[in-house]
Amino acid sequence: MKKSLFVIALAASSVAANAQTAIESSKFFDNWYFGIGGGVSAPMSSDPLFPLNGTASITAGKRISPIFALEAEGTALFGSHASNGVHFNMSENGHYNIFRSIGVGVNGVTNLSNLFSGYKGTPRAVELGLVTGLNWIHGFTPHASDKAKNFLGAKTGLAIDFNLGASKASTIRVEPSVMWNLSKPGNSYGNLAFNRDGAQLALAVKYIFNFKTSNGTHHFKTYDVGAMQDEIARLNAELAKKPKEVIKEVPVEKIVEKPVEVVKTITKETQLAPVVIFQLGKSTIDASQKPSVAMIAKYMQNHPTSKVLINGYASPEGNAELNQKLSDARAKAVYDMLVNTYKISPDRLTHKGLGVTDELFDENDWNRVAVFIEQSK
C-alpha cells in the first residue's frame, strides 16, 4: 500500500490536534544497528599517558525512538602499561597476555541533538549523543594489588555521529569516554565507587551500519499532520462524489417456503463510512487502521440490534487465486478483532472475501480494503 494511505490513517487516529508532525510507529525488527570499532586508552591515574594501549569493540543496538537507543557492547583492551615497575601484560605466572581485560555491558545512548532540537524526519549529518552504561570486566593481567579478576564497571562518554550518504545507512561514530572500574580500590563489589585510580580514558572510532526498516528507510520517518488532514479532506470529497458507494440501500427479496404460505423478507443493506485499508499483499491490520474498527464496534454497541457484513477486497495486481485468499483473510482479520478485542457477538457479524475490485475507488491502491455493510430487515 502506498504511504499516502498510511498517512491518512495515522493522522485520523493517532496524532494529537496540536501536533505538527507524527513519527511512524516501528516494528520490533526495525531500527537495529551493528558496529565495530577500535581506539586507544590510558589510565586516568597519575601514571603517564604513554604508552597508549589499543582497544577494540563490537556493538549491537536498537533505536527505541529518535532520542534513545539501547545497545550491547563487547570491548577488549590490549597491550601493556607499566605502573610502579609492574607490566600489566605479564600474568602472575610470568606468561605474556595479549589482552589486559575484556568487558561485556549494556549502554543507553541519548541523542542530545534530537532531544533539544527535535527530530526532523531524517538524521542530521552530525549529531551529538550521551553514552552511559554498566558492564562486567574480566582482567587477564591483574596488578599486584588486585584481589580479584572480575569487576563491575561503568561507561560514560559522548557519541559524535557522522551520518553518511543520502540514505544515512552508515554512521561513523567518534566516542571519547571514561571506562570506570567501580570495584577499585579494594576490588570489592560491596565497596563500589567512581574512582580515578580504576578508570581508563578512551577514544574510539566506530563504523555503524543501520539496517533497513519496514518503512523503506534506515531511520524513523515522520509525517506532516497538516498534509495528512488535507489528504483526509480530499478522500472524503472523493467519497462524497460517489454516494451510492458510501451509503446504498439494496432491497433483497428472500423467499422462505412454508407448507401453506410464502413469506417475503426484504433485507436493507447500508454501507457504513469507515473502511480498513491494508498494505500490499498483507492481511494484518496496522495500528493506524484500528480506529476504523473501533468506530464500527462503537456503532454496534450503540445499536445493539445491528448486524454487519464485512466484505474484504484486493486490488487488481497479482494472481486472482491469491487475491481471493487475501480478500478472505482481510475480512476475517477485521471479524476477529471485533469479536476478540471489542467483544461483539459473532452472531451479529459475517465476513466474506470478494476477491479483486477496481471499482470502489479510482485509485487501485485504495481498493485493498475491508468495508462494512449494515444489514437490517
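Which hand, left-handed or right-handed, does the crossing of helix 5 and helix 6 have? In this predicted model, the crossing of helix 5 and helix 6 is right-handed. Two packed helices are described by the angle between their axes together with the distance separating those axes. For helix 5, which spans residues 290-302, and helix 6, which spans residues 320-340, the packing angle is about 55° and the axes lie 10 Å apart. That angle makes helix 5 oblique to helix 6. On the side of helix 5, the contact involves Lys290, Val293, Ile296 and Ala297, which meet Val334, Met337 and Leu338 of helix 6. Sorted by character, the residues of this contact comprise six nonpolar and one charged, with no polar residue among them.

Attention then turns to charged pairs. Side chains of opposite charge can pair when their charged atoms come close. Across the whole structure, a search returns nine salt bridges, including a pairing of Glu71 with Arg173 in which the closest N and O atoms are 3.7 Å apart. Because Glu71 belongs to strand 4 (residues 68-78) and Arg173 to strand 10 (residues 170-181), this pair ties together parts that are 102 residues apart in sequence. Glu71 and Arg173 are both buried.

Strand 4 also contributes Glu73, which forms a salt bridge with Lys206 of strand 11 (residues 199-210), so that parts 133 residues apart in sequence are tied together by the pair. The closest N and O atoms of Glu73 and Lys206 are 2.5 Å apart, and Glu73 is buried, as is Lys206. Glu73 and Lys206 further take part in a network of salt bridges that links them with Lys155 and Glu175.

A further salt bridge joins the side chains of Arg124 and Glu127, with an N to O distance of 4.0 Å. The two partners fall into separate accessibility classes: Arg124 has a relative accessibility of 22% and therefore counts as partly exposed, whereas Glu127, with a relative accessible area of 6%, is buried. The class assigned to Arg124 follows from the cut-off, because buried means under 20% relative accessible area and exposed means over 50%.

Key
Residues numbered from 1 in each chain as written. Predicted model: local features only at pLDDT ≥ 70, side-chain atom pairs only at ≥ 80, totals over all residues. Heavy atoms only, no water. Axes fitted to C-alpha atoms, helices over the stretch in contact; angles between N-to-C directions. Helix = DSSP H or I, 4+ residues; strand = E, 2+ residues; numbered from the N terminus. Parallel < 35°, antiparallel > 145°, perpendicular 65-115°, else oblique. Left-handed = near helix turned anticlockwise from the far one by under 90°. Contact = heavy atoms within 4.5 Å. Nonpolar A, V, L, I, M, F, W, Y, C, P; charged D, E, K, R; others polar. Buried < 20%, exposed > 50% of the residue type's maximum accessible area, 1.4 Å probe, protein only.
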